[in-house]
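Biologist: I am new to this structure and would be grateful for a close look at a single part of it. Please take the sheet on which a helix packs and whose surroundings include a core and a salt bridge, and then relate that part to the rest of the model.

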Amino acid sequence: MFAAERRQLILEMVRANGAVSLRELARVVQTSEVTVRRDVRALEAEGLLDRRHGGAVLPGGFTRESGFPQKSHLSTAEKTAIADLAAGLVGEGEAIVVGAGTTTQELARRLARVPGLTVVTNSLLVAQALAHANRVEVVMTGGTLRGSNYALVGSGAEQSLQGLRVSRAFLSGSGLTAERGLSTSNMLSASVDRALVQAAAEVVVLADHTKLGSDTMFQTVPTDLITRLVTDEPPLHDERAAAELQALADQGVEITVAGPEPGTSGGEGAPSGRPSARRDMPLPGQRRTQNGGLGSPLRSAAAMPEPGDRARVADLRRR
């Protein structure tokens, strides 16, 4: 493929999806990430797109939201690895809330095996993934269906969450920065996500590396309310993504990074049925809880149990 053809295809992918990782672009145009990075620089010089932490986005600084068909085919290996680790945080008999998104849908598929679990969600996709799990109770919010991501939004959804209290909220979004926290491109979705956060003692954000450093229009969770981020291993050359992770850790967010299991090829997640490898970033001392008090010093997740040890994970709740 000639350079002009590659760049036209890259541009079309970014316009269709809003944000695409270099890894995904290289796979589609069947070339190396080094070549794709050079193409992205050339397109940025022409003002046709913007470079962001290991990927490319629409010009203008704020990425727009992609529809579900586009999202479901992006970063699939990364989402699988993230979901594998996040599922290990959920213990038997817990009550949690799970927001809308393709990564949370992957999480829901794994939660079907947790006995006695109660899942509150505004996502039809999450509910569908758990529909045949006979040991899991699914509670859906009310609201108006938003077809682009199969989520229930609006005042009906928000009102149904009033008075609810669960142990954890699992949320995804369109962008994540240390300065502003988690954000999304749709006002109605952001409002429901904020209601989900208010119902939970802890907030776990699921975001692949392409979302690190991206900032979208509506804030959903400020950084000081994010308990934990589960993400994937950024490419080695992506120093800005690594810096964003460190900045989040410096603000007290516990970071768990999913990567390929040792002995597998890098960058494509763990094989089916086998757990992803993990590394955890060291954390500073105390941070403020949602109630405004000072919690106990957060521990590095390296001292935490592995994902399969659900009973002990259930006890690791921020005070």
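Modeller: The account below begins with one sheet and then moves outward to its surroundings. Please bear in mind throughout that this is a predicted model.

The part in question is an open sheet of 3 strands, arranged in the order 10-11-13 with antiparallel pairing. Its edges are formed by strand 10 (175-177) and strand 13 (218-221), each of which pairs on one side only. Neighbouring strands are turned against each other by 35 degrees on average, direction ignored. Strand 10 and strand 11 (residues 181-184) are joined in the antiparallel sense over 3 bridges. Within this pairing, Thr 177 lies opposite Gly 181 of strand 11. Helix 9 packs on the sheet, where it touches strand 11 and strand 13, and its direction makes about 20 degrees with that of strand 13.

One residue is a convenient point from which to look around. Val 221 touches Leu 171, Arg 180, Gly 181, Leu 182, Val 197, Val 203 and Ile 226, when residues up to four places away in sequence are not counted. Val 221 also belongs to the largest nonpolar core, which has 31 residues; Leu 176, Val 205, Val 221, Leu 229, Leu 248 and Ile 255 are the members that touch the most others. At least two residues of this core come from each of strand 9 (166-171), helix 9 (187-198), strand 12 (200-206), helix 10 (239-250) and strand 15 (254-259). Apart from it there is a second, separate core of 25 residues, and among its members are Ala 83, Ala 87, Val 114 and Val 230. As a general background, nonpolar side chains tend to be buried together in soluble globular proteins.

Arg 180, one of the residues touched by Val 221, leads to a charged contact. Its side chain meets that of Asp 215 in a salt bridge (2.5 Å, N to O). This pair links distant parts of the chain: Arg 180 is in the loop between strand 10 and strand 11, Asp 215 is in the loop between strand 12 and strand 13, and the two are 35 residues apart. Arg 180 is partly exposed, because its relative accessible area is 25%.

The structure holds 12 salt bridges, and others can be set beside this one. The side chains of Arg 110 and Asp 84 meet in a salt bridge (2.5 Å, N to O). Here too, distant parts of the chain are linked: Arg 110 lies in helix 6 (residues 102-111) and Asp 84 in helix 5 (residues 76-87), with their positions 26 residues apart in the numbering. Arg 110 counts as buried because its relative accessibility is 12%, whereas Asp 84, at 23% relative accessible area, is partly exposed.

A further salt bridge joins the side chains of Glu 106 and Arg 109 (2.4 Å, N to O). These two residues are 3 residues apart in helix 6, so about one helical turn separates them. Glu 106 counts as buried, at 18% relative accessibility, while Arg 109 is partly exposed, with a relative accessible area of 41%. Asp 84, Glu 106, Arg 109 and Arg 110 are linked in a network of salt bridges.

Another sheet can be read in a similar way. It is open, has 3 strands in the order 1-3-2, and its pairing is antiparallel. Strand 1 (19-21) and strand 2 (50-52) stand at its edges with a single partner strand each, so one side of each is left without a neighbour in the sheet. From one strand to the next, the twist averages 25 degrees. Strand 1 pairs with strand 3 (residues 55-57) in the antiparallel sense over 3 bridges, and Val 20 stands opposite Ala 56 in strand 3. Helix 2 (residues 22-29) packs on this sheet and touches strand 1 and strand 3; its direction makes about 75 degrees with that of strand 1.

Finally, there is a parallel pairing to consider. Strand 5 (residues 117-121) and strand 6 (residues 136-140) pair in the parallel sense over 5 bridges. Met 140 in strand 6 is the bridge partner of Thr 121. Together with helix 7 (residues 124-130), strand 5 and strand 6 make a right-handed β-α-β unit.

Conventions:
Residues numbered from 1 in each chain as written. Predicted model: local features only at pLDDT ≥ 70, side-chain atom pairs only at ≥ 80, totals over all residues. Heavy atoms only, no water. Pairing = 2+ DSSP bridges. Helix = DSSP H or I, 4+ residues; strand = E, 2+ residues; numbered from the N terminus. Right-handed = clockwise from strand over helix to strand, strands pointing away. Core = buried A, V, L, I, M, F, W, Y, C linked by side-chain atoms within 4.5 Å. Buried < 20%, exposed > 50% of the residue type's maximum accessible area, 1.4 Å probe, protein only. Contact = heavy atoms within 4.5 Å. Axes fitted to C-alpha atoms, helices over the stretch in contact; angles between N-to-C directions. Salt bridge = Lys/Arg side-chain N within 4 Å of Asp/Glu carboxyl O.
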